[in-house]
Amino acid sequence: MIELKNITKVYETGGETVNALRGIDLQFRENDFVSILGPSGCGKTTLLNIIGGLDQYTEGDLVINGTSTREYNDRDWDTYRNHSVGFVFQSYNLIPHQTVLSNVEMALTLSGVKKKERRERAIKALEAVGLGDQLNKRPAQMSGGQMQRVAIARAIVNDPEIILADEPTGALDTETSVQVMEILKDISRDRLVVMVTHNPDLAERYSTRVINMLDGKILGDSRPLTEQEVRDGRDIAREKLALRTRASPS
Ligand code: ADP
Ligand code: MG
């Protein structure tokens, strides 16, 4: 379980102070399709980046599977980013001169997986997003929707527990957006997907929980965790932690 406890984020640039997040308390289920809505500048990207370890919070705590990240060092953050989280961006962020297959395989180079298995897993991830017959194309030869599906394949190839998607359909037409939403819905069956979107209709139709933000705060939450779910989540996290500590004493 991921828990945010009174998270704040202050940006200081050129003598100017921006309070991007003003005390966020949130818990996430291990299995959910969460949409985050809110006007431009309200802190959605900041929140997503903090959950994914791409950006550091100013105050508060992010608790990952029962462990406070206040004591995380650079290596802990690297491990978390590389093994537990997959990112999908509005602008796809694919490498243009590489094939689709290489783009997805590349996400596994840091994971210590051997070349043959990297290839097999990349093909499987691309098949899962319906691109099994496009392996040797280059991103420039594809439509926006196809490129975003490659980006999703790249995000899931490592089998992370969390997928974070920042306006993944922001550059797509309605029909293509629907395809991307179907895929995100599908992959949320066995992991947490947190998606930022500008589209309340898509959020309503596809996600299982909708969170509204305004001015760095949570304004509404359609399905917050019950007290029982929070207790169970913490118990499970504790058990997992104990198992891991026993498996690798250090
Ligand atoms: P959203 O994704 O909802 O549009 P952001 O999280 O990107 O909002 O931004 C929230 C606020 O923080 C905005 O006022 C934005 O200008 C500011 N901000 C975001 N990133 C930075 C940064 N790296 N440096 C300074 N201010 C930033
Ligand atoms: Mg944003």
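**Exercise 1. Burial**

Phe87 has a relative accessible area of 16%: is Phe87 buried or exposed?

*Solution.* The model is predicted: local features need pLDDT of at least 70, side-chain atom pairs count only at pLDDT 80 or more, and totals for chains, interfaces and linings use all residues. Residues are numbered from 1 along each chain as its sequence is written, chains are lettered from A and ligands numbered from 1 in the order in which they are written, and side-chain values use heavy atoms, leaving out hydrogens and water.

Step 1. Take the cut-offs: buried is under 20% relative accessible area, exposed is over 50%, and partly exposed is in between (1.4 Å probe, protein chains only).
Step 2. Apply them: at 16%, Phe87 is buried.
Step 3. Try Phe89: at 26% it counts as partly exposed.

**Exercise 2. Aromatic pairs**

Classify the pair Trp77 and Tyr80, then the pair Phe87 and Phe89.

*Solution.* Step 1. Know what to look for: the distance of the centres and the angle of the planes describe a pair of aromatic rings. Rings of Phe, Tyr and Trp (its six-membered ring) pair if their centres lie within 6.5 Å; planes under 30 degrees apart are stacked, over 60 edge-to-face, and the rest tilted.
Step 2. Count: the structure has three aromatic pairs. In one of them, Trp77 and Tyr80 are 6.2 Å apart centre to centre, with 65° between the planes, which is edge-to-face.
Step 3. Compare the other pair: Phe87 and Phe89 have ring centres 6.0 Å apart and planes at 10°, so they are stacked.
Step 4. Place Trp77 and Tyr80: they are three residues apart in helix α2 (residues 74-83), so about one helical turn separates them. Helices (H or I, at least four residues) and strands (E, at least two) are DSSP runs, numbered from the N terminus. Both Trp77 and Tyr80 are buried. With Tyr72, they form one aromatic cluster.

**Exercise 3. The largest core**

Find which residues of the largest nonpolar core touch the most other members.

*Solution.* Step 1. Define a nonpolar core: buried Ala, Val, Leu, Ile, Met, Phe, Trp, Tyr and Cys residues joined through side-chain atoms within 4.5 Å.
Step 2. Read off the members: the core has 35 residues, and Val104, Leu126, Val150, Ile152 and Leu184 touch the most others.
Step 3. Find the suppliers: among the elements giving at least two residues each are α3 (100-106), α4 (115-128) and β7 (162-166). The largest share, seven residues, comes from α5.
Step 4. Look beyond: a second, separate core of 29 residues includes Ile7, Cys42, Leu62 and Leu164.

**Exercise 4. Around ligand 1**

Which element gives the most residues to the shell around ligand 1?

*Solution.* Step 1. List residues with a heavy atom within 4 Å of the ligand. They include Tyr11, Pro39, Gly41, Lys44, Thr45 and Thr46.
Step 2. Check polar side-chain atoms against oxygen atoms of ligand 1: Lys44 lies at 2.8 Å, and Thr46 at 2.6 Å.
Step 3. Check the cover: the protein covers 63% of the 560 Å² of accessible area that ligand 1 has on its own.
Step 4. Sort by element: β1 (2-13), β2 (16-28) and α1 (44-51) give two or more residues each. α1 gives the most, with three.

**Exercise 5. Two distant residues**

How many residues apart in sequence are Val196 and Ser84?

*Solution.* Step 1. Locate them: Val196 is in strand β8, and Ser84 is in the loop between α2 and β6 (85-89).
Step 2. Give the separation: they are 112 residues apart in sequence, and 19 Å apart C-alpha to C-alpha.
Step 3. Check burial: Val196 is buried at 0% relative accessibility, and Ser84 is buried at 14%.

Key
A polar contact is a pair of N or O atoms within 3.5 Å; within protein, one must be able to donate a hydrogen and the other to accept it, and residues adjacent in sequence count only if both atoms are side-chain atoms. Accessible areas come from the Shrake-Rupley method with a 1.4 Å probe; for residues, only the protein chains shown count as cover.
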